[in-house]
Amino acid sequence: MRFSDYFYSLKPSFLAKTKAVYLAILFGLSSPSSMAPNSPILLPYSGNSGIDSQGTTSPTSLIPWGWDAGLKIRRVAGYYPGSPVYFESCPDGVGGKCYGSIPNRSGFYTLAYGSFSYKDKVGPTGKLSCIPNEAENPNAPNDRILMEPHPSEPVGTPPVKGRCPYFFYWRNNGGSPSAYLINDSSSLPQIPFGYGSFYIGLQENLKTYAGTYGGLDHRNRVMTPLYAWVQGVRLKLRAKVCFADKTQDLYRKIRVHTDMTFYSLKSRRGFGVSVNLMDYVINQGKISTLPELFHEPKVAEYSLAQLHVNGKLWNVTPQDLKFTVDQSSNCNLPLKDLPFQDVYIPFKAIFERLIAEGKIDRRLTEDAILSSTIVVGLEQWGRNRSEVEISDRSILISLPPIAW
């Protein structure tokens, strides 16, 4: 149910005919349709390609915005309540519940999770997914089908099976909630193939159609502010990663990202940016050089320009923001012992640069509303264990509220 993640693969051509349904779901404004192959376009990089910090608005002068400014409300639910792998964690919901107690479009987070490969069998069916936290039960299945082989793989390649790698918890961070996500594929007996990834993400999504459960209302400017208002996002973040001793795994990568997507009500077209906050490749231990920009073709009645930005290369995230590599035995370094780092992402400056470079049509911004966000996404390839905790997250706007 993510959007940017599907196009940030080391083998993007493998994803050419997948995930249209998820793009439609995230924008919530049309029915799924088929997609043409992706057209990757690399952004040029030079020493001067970073965002000019003097040209951005100081976050101290901005207004916290959103239905849950500061990440104070503990309400998260899966997007498909009818799915066999539906998950919710709603301590602050009515009776501790989300679905059936909190109405659609009334303010809650969505949790996306799944192992993605060739065939689209997540969504409502849950055939290639599992329930977060199920692996805490010692009797939980250890032969879930998590990935199907891709046609480009050798004939007879078996599916990847194992225990559910996804975990989500609410934590108490000095009296304020924090969201804690774990992605643990380290114990898989098979090497996941290069095209497939494991993903869990805390998101905000519009409701789309019957059978889906989204927490944003496109009519509510607190939930879905205008593009003209939004300047950026602030949050506190800490993360760690462990690598099992599996030297045969040559394809192992982890990233933490945050995303923001807008939708033009008039043009029925969307545009979004995914910003990598942390990026780690085990064999290189350095920033990856994956594609940063994809132009999506038409999906049903709208088209999406989805862009990918490496935060460090673009000088929009702290240069010292990185995973802590846990080298302890059994990966037992407590994440709570690591310091949080304050991060501000100047989304408006990123969008404006891309508009100036002709990557996004300026006309789309005239009536565009915020249609979805990934508060934090944790995606990995190969066999690893990664953990991330986020707190005090707010969308920041530059204009005071006005009548709507």
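**Exercise 1. Is D217 buried or exposed, going by its relative accessibility?**

Solution. The model is predicted: local features need pLDDT of at least 70, side-chain atom pairs count only at pLDDT 80 or more, and totals for chains, interfaces and linings use all residues. Residues are numbered from 1 along each chain as its sequence is written, and side-chain values use heavy atoms, with hydrogens and water left out.

Step 1. Buried means under 20% relative accessible area, exposed over 50%, and partly exposed in between, with a 1.4 Å probe and protein chains only.
Step 2. D217 counts as buried because its relative accessibility is 11%.

**Exercise 2. Describe the salt bridge of D217 and the surroundings of T224.**

Solution. Step 1. A salt bridge is a side-chain nitrogen of Lys or Arg within 4 Å of a carboxyl oxygen of Asp or Glu. D217 makes one with R219, and the closest N and O atoms are 2.9 Å apart.
Step 2. R219 has 53% relative accessibility and therefore counts as exposed.
Step 3. T224 sits in the loop between β10 and β11 (230-243). Strands (E, at least two residues) and helices (H or I, at least four) are DSSP runs numbered from the N terminus.
Step 4. T224 has a relative accessible area of 0%, so T224 is buried.
Step 5. A polar atom of the T224 side chain lies 3.3 Å from the backbone oxygen of D217.
Step 6. Contact means heavy atoms within 4.5 Å. Leaving out residues up to four places away in sequence, T224 touches L206, L216, D217, H218, I369 and L370.

**Exercise 3. Place strand β18 among its partners.**

Solution. Step 1. Strand β18 covers residues 368-381, and 14 of its 14 residues are buried.
Step 2. Two strands pair if DSSP finds at least two bridges between them. Strand β10 (residues 197-205) is joined to β18 by eight bridges, and the two run antiparallel. On this side, G377 in β18 stands opposite G201.
Step 3. Strand β12 (residues 253-264) also runs antiparallel to β18, with eleven bridges between them. Here I369 in β18 is the bridge partner of Y263.

**Exercise 4. Which residue forms a salt bridge with E379, and where do the two lie?**

Solution. Step 1. The partner of E379 is R255, with the closest N and O atoms 3.2 Å apart.
Step 2. This pair links distant parts of the chain: E379 is in strand β18 and R255 in strand β12, 124 residues apart.
Step 3. E379 counts as buried because its relative accessibility is 0%. R255 is buried too, with a relative accessible area of 0%.

**Exercise 5. How many salt bridges does the rule give?**

Solution. Step 1. The count comes to 21.
Step 2. One of the pairs is E204 with R393, whose closest N and O atoms are 3.1 Å apart. That pair links distant parts of the chain, with E204 in strand β10 and R393 in strand β19 (residues 384-397), 189 residues apart. E204 and R393 are both buried.
Step 3. A network of salt bridges links D184, K240, D326, R385 and E387.

**Exercise 6. Summarise the chain as a whole.**

Solution. Step 1. The chain holds two helices and 19 strands.
Step 2. Of its 404 residues, 60% are buried.
Step 3. Taking contacts between residues at least 6 apart in sequence, 76% join residues at least 24 apart.

Key
A polar contact is a pair of N or O atoms within 3.5 Å; within protein, one must be able to donate a hydrogen and the other to accept it, and residues adjacent in sequence count only if both atoms are side-chain atoms.
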